[in-house]
Structure formats: structure tokens, C-alpha cells
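This briefing concerns how two chains meet and how one of them is built. Please consult the sequence and the structure while reading the points below.

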Number of protein chains: 2
Amino acid sequence: MAVRETVRVGVLGCGNVGASLVRLVAEHGDVIAARVGARVEVTRVAVRDAGRTRTVAIPAGVLTEDAAAVVTDPDVDVVVEVMGGTDPARQLIETALRAGKPVVTANKELIARDGPELFRIAADAGVDLLFEASVAGGIPLIRPLRESLAGDRIRRVLGIVNGTTNYILTRMADEGAPFADALAEAQRLGYAEADPTADVEGFDAAAKAAIIATIAFGAPVGPGDVHREGITGITADDIASAARLGYVVKLLAVAEEVDGAITVRVHPAMVPVHHPLAAVREAFNAVFIEADAVGELMLYGRGAGGDPTASAVLGDLVDAARNLVAGARGATIGELTAAPFRPMAEVTTPYYVLLEAADRPGVLAAIAERFGRHGVSIASMEQRGIGADARLVFITHRAREADLMATLDDLRGTDAVRRVGSVIRVVGEEE
Amino acid sequence: MAVRETVRVGVLGCGNVGASLVRLVAEHGDVIAARVGARVEVTRVAVRDAGRTRTVAIPAGVLTEDAAAVVTDPDVDVVVEVMGGTDPARQLIETALRAGKPVVTANKELIARDGPELFRIAADAGVDLLFEASVAGGIPLIRPLRESLAGDRIRRVLGIVNGTTNYILTRMADEGAPFADALAEAQRLGYAEADPTADVEGFDAAAKAAIIATIAFGAPVGPGDVHREGITGITADDIASAARLGYVVKLLAVAEEVDGAITVRVHPAMVPVHHPLAAVREAFNAVFIEADAVGELMLYGRGAGGDPTASAVLGDLVDAARNLVAGARGATIGELTAAPFRPMAEVTTPYYVLLEAADRPGVLAAIAERFGRHGVSIASMEQRGIGADARLVFITHRAREADLMATLDDLRGTDAVRRVGSVIRVVGEEE
């Protein structure tokens with residue numbers, strides 16, 4: 001076999017990430033060549049509008065509007081997909097894989113939805129499909145899950161995987177700002193979109209949670225399998241009482257396997273102030289892994305942005321190119337095996353519960369009795385008067401979700417209880 | 001070529017890490033086989049005393065006292081060195097590499113001292129030499145530095161890489177305990193050795209810092225190139241005033257490249273309370289990386305212990321075995337290029353300086369004048385009376401070490417200054 005002198009890369013998309021990647025490949029050419037064993041060169045960049053001005057100079061012969069031609073071009077050795085969206089990205093990636101070209105993608109939506117199918121297509125074609133940048137931007141996460149933890153058993157993954165909501169919650173905590181004000185600030189600074197739904201309602205985090213769970217447990221998990229709650233209901237008051245009790249409120253992605261059943265969920269959570277995730281502030285991301293042998297592991301960094309994401313794409317590209325040069329292929333996603341999902345009603349966790357109740361003798365006893373009736377045991381309670389009413393904050397011991405919900409229904413029908421306020425799961429407590 | 005059905009592993013050493021590795025390989029055989037493409041089997045375990053009782057059952061035919069025979073045994077495909085110490089580990093590893101056998105090692109001392117030479121021997125022999133477990137136990141660090149950040153430019157690495165000292169500093173901070181008491185507690189709990197010198201004087205951290213710097217900057221750095229200060233001089237009072245000023249005291253390994261010159265140093269540092277490293281408590285380790293493209297990255301986990309370390313060794317073993325089966329080899333440490341070291345006197349950083357001085361008018365002016373004379377600018381000052389004396393805490397702006405030292409000499413000769421107390425560098429401040 002002739003020695004391969006150049007690995008020719010076709011890039012689909014040239015937004016922030018694509019432009020940053022093209023620049024990194026050019027700037028670090030020598031380092032990359034040393035690691036790959038051949039020059040890596042971007043020979044095709046497919047864009048929607050070749051006439052648009054770009055932040056990176058791309059030679060005329062490289063730029064094209066025909067993405068479909070790039071993935072079948074015999075002069076393209078590796079395809080990098082950074083165009084986003086599920087279509088036509090899905091068709092292009094599939095075509096590239098079937099044509100025997102390794103693919104690197106940063107496409108969270110697509111991998112969350114079609115990952116298991118695409119992994120199989122890649123395995124059948126015997127080529128790499130790498131997607132480090134699809135979750136948590138520049139943070140090396142997929143690689144450690146696949147490689148460093150090979151032969152370990154992952155029990156639980158807790159992630160702060162959405163920078164927008166983490167930024168909003170940090171502002172609310174630091175300044176006592178209401179959600180709406182913190183969101184407006186995030187929008188002004190470009191951390192949040194004009195329509196913030198995907199972030200604040202947890203859809204973005206749910207897609208990432210699905211990918212994390214798929215890799216961590218070797219089972220197919222789609223976004224539809226993820227229980228999802230956003231942060232729009234979180235008040236400055238919740239965050240203040242969390243702080244008094246020693247907690248920080250975070251939007252967490254939780255993937256856990258208990259007795260062979262999987263739960264994957266995204267929801268606001270009270271995290272103990274000394275837990276490493278509590279220190280993840282502003283728009284940063286972090287993923288906390290609990291595994292049998294390695295114990296606790298956390299990976300922290302920038303979850304978004306052109307450069308951090310391009311850096312993850314480049315790591316994958318170097319890997320794919322090196323494998324190509326070596327005539328080998330990288331770690332494949334092993335055969336996925338469907339695992340049963342545990343219904344949310346059966347999930348157990350401690351809870352924070354805020355109640356507004358009449359401030360008169362006997363009320364606490366009546367409320368405590370309702371908790372006890374459903375087998376929910378109270379770990380701590382804080383009471384503050386507000387006019388004629390009292391505000392009661394309970395932290396429960398670990399309880400079944402169904403039992404907690406039954407308790408809340410019961411409390412809603414209790415005379416002395418004016419209102420059931422926020423109910424937030426507590427995650428990361430030592431037990 | 002015949003398909004390789006089994007990768008046969010010779011393990012040198014069967015202490016905590018070795019025993020845990022043998023157990024993990026047996027327990028996770030199927031997962032490992034799926035990832036490697038062949039069964040991985042431990043066929044030789046070399047120990048000093050085959051008669052000793054062990055926590056893991058090893059068949060009689062596997063156990064041997066002849067380590068030298070294991071590394072040349074034609075029936076051993078991969079060698080794992082977890083015996084520790086530099087000799088005979090060095091000779092055994094070298095022999096194995098020259099015999100064409102990939103080597104996985106957890107040996108921090110050896111890699112810190114002889115890494116560059118061993119990397120060259122491995123490169124010449126065309127086989128893998130992997131050492132993830134040599135720094136920060138179970139935390140995937142070497143692999144991200146080598147692979148995920150390929151093509152990025154690392155500017156600085158800050159590490160809490162010694163669990164013993166971090167445990168001691170956490171106890172001092174939480175309980176106001178003096179160093180001696182916190183050390184005694186660490187010894188009682190098995191976090192510190194009877195002779196704690198290697199930990200508390202920073203020798204262990206310096207070896208790890210050398211390895212980190214070598215990989216991060218692609219330049220040979222040995223333990224002798226590392227400026228080293230321990231934590232024995234840190235007082236409960238320093239930690240309390242750090243807390244009042246918004247800092248936490250940590251023993252940091254710092255590797256940085258500025259204008260092509262490298263500094264590698266281990267010393268106590270004031271870390272801002274909101275920096276992610278400040279949240280690294282107890283015996284945990286973390287490594288904080290600052291790079292051009294990826295921005296800030298932190299990897300956190302257990303830096304020691306049989307299982308976490310064995311988990312890192314196993315990750316490497318899977319990698320080496322997979323490469324062997326694929327007939328490929330993994331990422332090599334590229335050619336190292338010697339880089340100039342910046343002398344400590346030329347390093348610039350902000351400082352915390354504690355002075356005891358007479359509490360009378362004009363003293364502060366006199367002291368401030370001394371700082372100014374040497375071009376050291378003061379960022380903040382805190383004064384508290386103690387009897388007839390005052391205790392003054394200064395935080396300087398970024399200053400040259402030589403200028404700060406000259407200031408201190410000057411202050412020591414100043415009438416009103418009774419004593420120059422702790423001088424601690426500030427690291428991780430946003431600038």
C-alpha cells in the first residue's frame with residue numbers, strides 16, 4: 001500500500017464551528033501532521049451560500065454549495081459535519097459512511113435522535129463515526145466514557161450540560177434576580193436565544209442526556225425517553241432558601257442505572273454546596289460520573305462556542321485521520337442492548353418541598369402526619385412567618401416519586417395548607 | 001496473519017493496584033473483549049514473594065517471582081508495570097519495549113525521571129508506552145492532553161495533584177486546625193504516610209508536575225526542573241485570612257509557557273473562592289487546563305487508591321491491546337523539543353503578604369513606600385490590631401518574584417516591621 005501523504009477533509013457547514021475548525025487545521029498543521037502521520041488538509045467546504053462573507057478565508061476551489069457531492073467525492077477522505085439540523089445532515093452522514101468515509105460530527109440533535117442507527121451503519125461500513133463535540137462542547141466526555149472507563153461500570157452521570165440555564169441560575173443566585181430578568185440579561189449577552197424554549201425548558205439538555213446515557217450504559221436512549229422539566233418555575237425565593245439550607249439550584253441531566261433499569265431525566269435540582277457541581281458557575285458545563293472502580297470523576301469546561309467546539313471536532317478529526325493512516329479504526333460503539341426504563345413514579349430521591357400554611361398551633365403536626373401517611377420521612381424543616389401565614393420548607397429523606405406526589409395531593413386538600421409551592425429534587429447528597 | 005484470539009498480559013507487581021487490576025480484568029472480561037476485539041487475559045503476575053497472602057486469587061501457574069522472565073516471555077503480549085520504584089522497573093520496562101511489547105505503567109517517579117528516554121525507546125521499537133495512571137490516579141488526564149487537545153495550544157496547567165496535602169488543607173480550613181493536627185488526622189486515616197515528607201514538602205506533586213509539563217508543552221521536564229515549596233509553613237491563620245479575603249489555600253502544581261519559556265512549580269497558592277479548583281476538597285485531585293481554543297477545562301477525581309488507579313491502568317491496557325489486535329499503534333509522544341526555563345525570579349504573579357508591624361501612625365505609609373520603591377503595586381490591604389502590634393495583610397497586583405523578594409528584604413530591615421509572616425502566591429485570579 002502506498003504511504004498516504006495527505007488526509008483530505010470535506011467540511012459540511014462553515015458557521016462559527018466550521019470557520020474555527022478550518023482556522024485551527026491551518027494554524028496547527030505541523031502539530032497535527034506529527035500526530036496523524038500525514039498532512040491534514042481541508043479540501044472541500046460545503047456551504048449554503050458561497051457568496052457570503054466569512055471570518056475565515058477559503059480558497060475558491062475549496063468552497064462549494066454542493067454538500068452531496070462532497071460526501072461522495074473520491075478526493076475526500078474524511079467528512080466533518082458541522083452544519084447542524086437533522087436534515088439533510090442525516091442523509092449526508094449516512095452516504096459518507098456507506099462510501100467508507102469516516103465521519104466526525106458535532107450534531108447533538110442528530111446523534112440524540114439517530115445515534116444508534118448511525119453507529120450500526122458505521123460499524124457495518126467499518127469506519128469511524130466520532131461525535132465528541134455533540135455533548136458539552138470542548139469538554140472531553142465521550143472519549144473518557146468510551147475509552148478511559150472501558151471495563152468500569154458506570155452507575156450514574158450527573159451533568160450541567162446547558163450553559164444558558166446555568167448562566168441564568170448563577171445570576172439569580174448571585175443577584176437575587178427573578179428568572180425573567182436573568183433571562184433577559186442572558187439574551188442581551190448572547191447566552192440565550194430570542195426564543196429560549198430549547199434551553200429553559202430543558203430540550204437541549206435532554207438531547208445531551210440521551211447521548212450520555214446511550215454511551216454510558218450501552219443502551220439506545222432517545223430524547224423521547226428522557227423525563228424533562230425546565231427552570232421557568234424556579235423563583236429567586238427557592239434559590240435563597242436553597243442557599244440557607246446549604247444547596248445550590250442547578251438544571252441537571254441525570255442518567256442512572258439501578259438494578260438493571262435506566263432512568264434519564266432533566267430537571268432543576270438542589271445540589272449540596274460542597275458538591276463539585278455546585279461550583280460550576282456562569283455558562284460553564286460539567287459532567288460528574290460515578291463509576292464502580294474509578295469512583296467519582298468530573299469533567300468541566302466550556303459547553304459551547306465556536307473555538308471550544310471546534311477543538312473537540314479537531315480532536316476527533318485527528319483520531320479519525322490517524323486511524324485512516326494506520327489502516328486501523330478506532331473504538332466502535334459496541335452493540336447497543338435495549339435496557340428497561342424505570343418509570344419516574346418509581347424513582348427515589350430526596351425532595352425539597354415549599355408549603356405556605358396557616359401559622360397556628362397544630363398545623364405542622366397535621367402536615368407532618370400527611371408526609372408520614374405516605375411513607376415520606378422528613379430530614380429537616382425550616383419555618384418562617386409571612387404575615388398570618390408561615391412558609392415551611394421541608395427536605396425529605398429519599399422517597400419514591402409516587403409517594404411524594406400522593407403526599408402533595410393530600411397536602412393540597414388539607415385545610416391549613418394555603419399553597420404547595422416549589423418541589424425540587426435533591427441530587428448529590430452523600431448517603 | 002492469523003486472527004489474534006487472546007491478548008496475554010504480564011503484570012509486574014501485585015499490591016493494591018495490581019490486585020485491583022487483576023480483579024477488574026476478570027470481572028469485566030466480556031466488555032473488554034468487545035472493545036479490544038479479543039479476550040484479554042492476565043497470564044503472568046510477578047511478585048516479590050509468591051508465598052504471601054493476597055486479596056485476589058491468582059492461579060499457581062500465573063504467579064511468579066521472576067519479573068525479568070515475564071518481560072521477555074514470548075507468551076506475554078503486553079506488560080503492565082505496577083510495582084513502583086525506579087529500579088528494577090526501569091530495566092524491566094526497557095527490556096519489554098525493546099522486545100516489542102507494549103507497556104502500561106502507573107509509575108510516576110519513573111516517568112517523571114526517565115519519561116523522555118523511555119518515550120524514545122518506545123517510538124524506536126514502534127510499540128505503545130502508556131502511563132495515564134502515573135498522574136492523578138483515575139482521572140483521565142494524559143489522554144485528553146495527548147488526544148483531545150491535539151491541535152490546541154496549552155498555555156497553563158494548574159493542578160491539585162496530591163490528595164494528602166489537599167486533605168490536610170481542607171481540614172485546616174473547615175476546622176481551623178493547625179497543620180500538625182490535620183497531618184496527624186490524615187496519618188490516622190491512612191491518607192498520609194508515617195514519613196509525610198514526599199507529600200507535605202511537594203516532592204510527589206513535583207514529579208507529577210514534571211510529567212504534566214512534558215506532555216502539555218512537548219518539552220522534556222524532569223523533577224529537578226520544578227521549583228518546589230511544601231505546605232508545612234501554612235498556618236491556620238493564613239487560611240482564615242485567605243477566607244476573609246475570598247481565597248482558599250491549595251498546594252498547586254503550575255506549569256505554564258509564556259513567550260516560549262516554561263515554568264514548572266509546586267507551591268501553596270491562594271485560589272479565588274469562585275475558581276473551580278477552590279471546590280476541590282478532601283483527598284480529591286483536579287487538573288485545570290487553559291488552552292487557546294478549548295478555553296478552560298478541568299478534570300476532577302480520585303488521585304489515588306487501588307481501584308481508581310487500576311481503572312486508569314485498565315483504560316490504557318484496553319488501548320494497547322486494541323492497537324495490538326488492529327496491528328496499529330496508538331498516539332505516540334511526538335519528538336520532545338527542549339524549551340528554555342524561566343527562572344523563578346522572573347516569574348510574575350500576585351502575592352499575599354502578611355506583616356506584623358507596630359500599630360502607630362505613619363507605619364502603613366512607610367511600608368507602602370517600600371512596596372512602591374520596588375515597583376510592587378498593592379491591590380488590597382487588611383489591618384487588624386493585636387496588642388500593641390498590627391497585623392497587615394497585603395494582596396499585591398501581579399509582580400516579578402525578584403521585586404517582591406527585594407521588597408521583603410527591605411521590609412525586614414524596616415524599624416516598624418516586627419516580622420514578615422507568610423508570603424503566598426495568588427493563582428487563578430481573573431485579570
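In this predicted model, strand E12 (residues 295-302) of chain A pairs with E12(B) in the antiparallel sense, over five bridges. Within this pairing, A:Met298 stands opposite B:Tyr300 in E12(B). The points that follow treat the contact between the chains, the relation of the two copies, and a sheet in chain B.

**The contact between the chains**

- Chain B contributes 46 residues to the contact, and chain A contributes 46 residues.
- On the side of chain B that touches chain A, the elements giving two or more residues are helix H2 (29-36), helix H6 (142-148), strand E12 (295-302) and helix H12 (306-326) of chain B.
- H12(B) supplies the largest share of that side, namely eleven residues.
- By character, the residues on the side of chain B that touches chain A comprise 25 nonpolar, eleven polar and ten charged.

**The relation of the two copies**

- A turn of 180 degrees, with a shift of 0.0 Å along the axis, lays chain B on chain A with an RMSD of 0.1 Å.
- This is the relation of a two-fold axis.
- The C-alpha of B:Leu299 is the one in chain B nearest the axis, at 2.3 Å from it.
- Both copies use the same surface, as 100% of the contact residues of chain B recur in chain A.

**The sheet in chain B**

- Six strands of chain B form an open sheet in the order E3-E2-E1-E4-E5-E6, with parallel pairing.
- Strand E3 (63-64) and strand E6 (129-130) of chain B stand at the edges and have a single partner strand each, so one side of each is left without a neighbour in the sheet.
- Strand E1 (residues 6-12) and strand E4 (residues 78-81) of chain B pair in the parallel sense over four bridges.
- In this pairing, B:Val9 stands opposite B:Val78 in E4(B).

**Helices against the sheet**

- Helix H1 (residues 16-27) of chain B packs on the sheet, where it touches E1, strand E2 (39-46) and E4 of chain B.
- The direction of H1 of chain B makes about 150 degrees with that of E2(B).
- H12(B) lies across E1, E2, E4, strand E5 (103-105) and E6 of chain B, and runs at about 165 degrees to E4(B).
- H12(B) thus appears under two topics: this helix lies across strands of chain B, and it also gives eleven residues to the side of chain B that touches chain A.

Notes: Residues are numbered from 1 along each chain as its sequence is written. Chains are lettered from A and ligands numbered from 1 in the order in which they are written. This is a predicted model: local features need pLDDT of at least 70, side-chain atom pairs count only at pLDDT 80 or more; totals for chains, interfaces and linings use all residues. Two residues are in contact if their C-beta atoms, placed from the backbone, lie within 7 Å. Ala, Val, Leu, Ile, Met, Phe, Trp, Tyr, Cys and Pro count as nonpolar, Asp, Glu, Lys and Arg as charged, and the others, Gly among them, as polar. Two strands pair if DSSP finds at least two bridges between them. Axes are lines fitted to C-alpha atoms, for helices over the stretch in contact, and angles run from 0 to 180 degrees between N-to-C directions. Copies are superposed by least squares on the C-alpha atoms of residues with pLDDT of at least 70 in both.
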